[in-house]
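Welcome! Let's take a short walk through this structure together, one stop at a time.

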Amino acid sequence: MTSQVKLVCTECGQANRIPENRLRSGPRCGVCGAALADGRVLTLDALSHDKAMRTDDLPLLVDYWAPWCGPCLRMAPEFESAARRLGPAIRFARLNTEDHPQISARVGIRGIPALVLYHGGREIARLSGLRPAAEIENFVRPHLASPVS
Ligand SMILES: [Zn+2]
């Protein structure tokens, strides 16, 4: 029997159960059909941010950014490149802090861009400032092998 992983659909909020051996074959949401883990960066809103952060069985790396932030815009392609290389062992997502200031205040984001890695319903690491793809990967990799405690 293969184990299953819970992943929240960032489009409709549905919690999906995906057999682990199907993660690499582009799983889709059972309700709305959106891609759950295809190596692309997902877009979060306040609801999907909280639900995915609390529910997902896979690590979730969130890029807190804003449209007026030059370094954020320069990091976007780096973040996307790291997402393609590391997925689907981890999901990459971004949250617009201008649209959702209450979330960035609660998470304690003081400067952007900021990356926060969640796993098992809690924050496990954080990295601030503009980073190239290789640094993002190096930041994430040590956390991919460790089981949720
Ligand atoms: Zn969905």
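Keep in mind that this is a predicted model. A good place to begin is a pair of facing residues: Y64 has L95 as its bridge partner in β5. That match belongs to a longer pairing, since strand β4 and strand β5, which covers residues 91-96, run in the parallel sense over six bridges. Helix α2, residues 70-86, joins these two strands in a right-handed β-α-β unit.

Now look at another partner of β4. Strand β6, residues 114-119, pairs with β4 in the antiparallel sense, and five bridges link them. Within β6, V116 is the bridge partner of V62. So far, then, β4 has a parallel partner in β5 and an antiparallel one in β6.

How covered is β4 itself? Six of the six residues in this strand, which spans 60-65, are buried. Its side chains take two directions: L60, V62 and Y64 point one way, while L61, D63 and W65 point the other, and all of them are buried.

Several of these residues return in the largest nonpolar core, which has 37 residues. L60, L61, V62 and Y64, together with F92 and V116, touch the most other members there. The element that gives the most to this core is α2, with six residues.

To finish, zoom in on L61. Leaving aside residues up to four places away in sequence, L61 touches I90, F92, L115, L117 and V140.

Notes: Residues are numbered from 1 along each chain as its sequence is written. This is a predicted model: local features need pLDDT of at least 70, side-chain atom pairs count only at pLDDT 80 or more; totals for chains, interfaces and linings use all residues. A residue is buried if 20 or more other C-beta atoms lie within 10 Å of its own, exposed if 12 or fewer, and partly exposed in between; C-beta atoms are placed from the backbone. Helices (H or I, at least four residues) and strands (E, at least two) are DSSP runs, numbered from the N terminus. Two strands pair if DSSP finds at least two bridges between them. A crossover is right-handed if, with the strands pointing away from the viewer, the path from the first strand over the helix to the second runs clockwise. A nonpolar core is a set of buried Ala, Val, Leu, Ile, Met, Phe, Trp, Tyr and Cys residues joined through C-beta atoms within 7 Å. Two residues are in contact if their C-beta atoms, placed from the backbone, lie within 7 Å.
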